[in-house]
Amino acid sequence: MKPSLPVARRGSSLAANLGLSERVFASAADRAMAKAIDAGLERVEQGLVREVGYADPIAAQPARYLLEAGGKRVRPMLTLLTAQLGDGVTDDVVTAAEAIEITHLASLYHDDVMDESERRRGVPSAQTVWGNSVAILTGDLLFARASQLMARLGERAIRMQADTFERLVLGQLHETVGPQPGEDPIAHYIQVLADKTGSLIAAAAQSGIIFSNADPAFQEPIIAFGERIGVAFQLIDDVIDLSPSAAETGKVPGTDLRAGVVTLPLLRLREIAKTDAPAAALLARIERDVMPAEPGSVASDPVDTNTQAARIVPSAATVDAIVADLREHEATRATLAEAHRWARDAVDALAPLPDGPVKKALTRFADTIVERSN
């Protein structure tokens, strides 16, 4: 039996998690809303511990593993935030917030298997502890539990959960298979981000509207906001992956590149390399010295089995220099600009919402997303 981790709680306040400073978020109405959401988050946290606490001892420990590893609880926070446009933090809103977060947790188990990730939330990923099969089945269990929670809320909730789950799977499928012949790789990549990340953030925000009995006219703006801010979030992650400060990001610079994960800076570089010789040279260095080759290829083995020629393994300093070159390249600057554009579009989608604490909080949240790269 693997030792369990202590429960790592979310941030202590709405302001801490959404980046709302005291200066921005200081009126009496703002403070009242923040207090209500923080109280709701306490209820959600207690519910998450209860809902992933399987009686079956084989399921119990892996199911609670990533919950105990922590998390910012951004998705349930958005559910509770948008619920302020209606009746506030009702029992149904809390149930929906729990279901959304458990869906997110379930997707992490599957993502880590697909990506062969070794760590998640500062701890070894589930499949490195229990193996791929247990990790996948645990994700399935959590998806089932999230569906059970949504079933308590009626047919509308079940339909939303099913639609979101379908998009999560389609996003992973398209990411795994890659763009088809003739398909724009960048458009394909953005759609994957919208499906894998944007859809669940949108569902979280939409749930707050639906289950607080808010004006149905708010749903479309909130869905558009969630979709767009989800894409912006992932594009900023692409830039942060190249950050030179491992202490701030918690990752080695170029972690995605080194793992063979294709992100937007690399896709932009490939476009530029078609007509730019220096970009083509940098791309060649990345594909030769940084990204892993396909299993069984010459570059994946210390010795080429056909020629018996020893593979030249680049030094860590060489790889670091290549990652730094990509970080400073216009392809990465273009990615950052794209992230800012998606964040601006997300805020623009909020125009139909009434002015007030909720709209201000969502706008500040969008700002915080892009500020992470500063």
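Me: What percentage of the 374 residues in the protein is buried?
Reply: Good place to start! This is a predicted model, and a residue counts as buried when its relative accessible area is under 20%. Of the 374 residues in the protein, the buried share is 49%.

Me: How many helices and strands does the protein have?
Reply: Let's look at the secondary structure. Alongside two strands, the protein has 17 helices.

Me: Is His329 buried or exposed?
Reply: First find His329 in the loop that runs between helix H15 (316-327) and helix H16 (330-348). The cut-off for buried is under 20% relative accessible area. His329 has 16% relative accessibility, so His329 counts as buried.

Me: Which residues does His329 touch, leaving out those up to four places away in sequence?
Reply: Start with a neighbour in sequence: a polar atom of the His329 side chain lies 3.0 Å from the backbone nitrogen of Ala331. Ala331 is within four places of His329, so your question leaves Ala331 out. The residues that His329 touches are Leu269, Ile272, Ala279 and Leu282.

Me: Are helices H8 and H9 roughly parallel or roughly antiparallel?
Reply: Helix H8 covers residues 155-177 and helix H9 covers residues 185-211, and their axes are 8 Å apart. They pack at an angle of about 165°, and angles over 145 degrees count as roughly antiparallel. Therefore H8 and H9 are roughly antiparallel.

Me: How many residues of the contact of H8 with H9 are charged?
Reply: The crossing of these two helices, H8 and H9, is left-handed. Their contact includes nine nonpolar residues and nine polar ones. The number of charged residues there is five.

Conventions:
Residues numbered from 1 in each chain as written. Predicted model: local features only at pLDDT ≥ 70, side-chain atom pairs only at ≥ 80, totals over all residues. Heavy atoms only, no water. Helix = DSSP H or I, 4+ residues; strand = E, 2+ residues; numbered from the N terminus. Buried < 20%, exposed > 50% of the residue type's maximum accessible area, 1.4 Å probe, protein only. Polar contact = N/O pair within 3.5 Å; in protein donor to acceptor, adjacent residues only side chain to side chain. Contact = heavy atoms within 4.5 Å. Axes fitted to C-alpha atoms, helices over the stretch in contact; angles between N-to-C directions. Parallel < 35°, antiparallel > 145°, perpendicular 65-115°, else oblique. Left-handed = near helix turned anticlockwise from the far one by under 90°. Nonpolar A, V, L, I, M, F, W, Y, C, P; charged D, E, K, R; others polar.
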